[in-house]
Amino acid sequence: MTRQNKSDIVFHVRRYNPEGNEKPYWQNYLVHTETGMTVLDGLMEIKESQDPTLNFRSSCGMGVCGSCGMLINGRPALACSTQILEITDRDLTIAPLPNFDIIKDLVPELTSLFIKHSSVYPYILNNEKDEMDRPTGEFYQDQQELIEYLQFSYCIKCGICMAACPTLSTDPEYLGPQALTQAYRYNRDSRDEGFNVRKEVVSDTNGVFKCHYAGECSNVCPKGVDPARAIQLLKRELVLDYLRMKKTKVKCKVCEKRNGSPKPEIPETT
Ligand code: SF4
Ligand code: FES
């Protein structure tokens, strides 16, 4: 494959069709690249004008839906958020996300991610069932309470942290950084009372104590979620609970409200 000029980049793409190929193989494409072009743009160009059989997944094109995760020059990343000329001036190697089965070419099978995610009860669990079913007012939360979990709520479930995790690469049963981070995110929410329910899952043999803090999950996360930090904080929460030293959460605002405490003032806008 001959490059005609400096802006021609060779895409080495790993191809695999489980129904037709015994094993994966590499295929090369030459893509004329301009400043601002992302890896996803390059793949679309290949699909539209060179090879319609190439498979990859994408939707939003702006780092929000989490569907275009792939291994780009050896690093898991979102194809739509990676500018080609910022990472290479010659060759680009693209493969599907590691630690997942492959559906076809660059399309990973993410079902295991979603099963693990749903296993940690990633939603508010509150004992005030009546109020949860038929709220009589807003669920008040102050700024400090929001900051406690805000960073961890930016997760877009792209699976990139899971692809970078060395523990998962040898132990597919491990819950992994995505699900554990979401367990911590909901535990820290002032409206939530589900710590004891999630504890059963995250402190199990495939849970949080399998993490040996390589930290790669946080290095690669495209949304700045910092799963490695969440996992260490979750471990701390569990140890303090075991030692009966975990602080009891201030009674949630829903319950306070139902018990007749004054409702917080909402400032008037001018
Ligand atoms: S924590 Fe980050 S890398 Fe992991 S799934 Fe969420 S957004 Fe993706
Ligand atoms: S296409 Fe949605 S995150 Fe890349």
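**A five-strand sheet and the shell around ligand 1**

Hi everyone, let's start with the sheet: five strands form an open sheet in the order β2-β1-β5-β3-β4, and the pairing is mixed. Strands here are DSSP runs of E with at least two residues, helices are runs of H or I with at least four, and both are numbered from the N terminus. Two strands pair if DSSP finds at least two bridges between them. At the edges sit β2 (25–32) and β4 (75–78), each pairing on one side only. From one strand to the next, the twist averages 35°; axes are lines fitted to C-alpha atoms, for helices over the stretch in contact, with angles from 0 to 180 degrees between N-to-C directions.

Please keep in mind that this is a predicted model, where local features need pLDDT of at least 70, side-chain atom pairs count only at pLDDT 80 or more, and totals for chains, interfaces and linings use all residues. Residues are numbered from 1 along each chain as its sequence is written, while chains are lettered from A and ligands numbered from 1 in the order in which they are written.

Now look at β1 (residues 8–15) and β5 (residues 91–95): they run parallel, joined by four bridges. Val13 stands opposite Ile94 in β5.

On to ligand 1. Which residues come nearest? Of the 14 around ligand 1, they are Cys155, Cys158, Ile160, Cys161 and Cys221; near means a C-beta atom, placed from the backbone, within 6 Å. Helices α6 (160–164) and α8 (176–187) each supply at least two residues of this shell, and α8 gives the most, with three. Thanks for listening!
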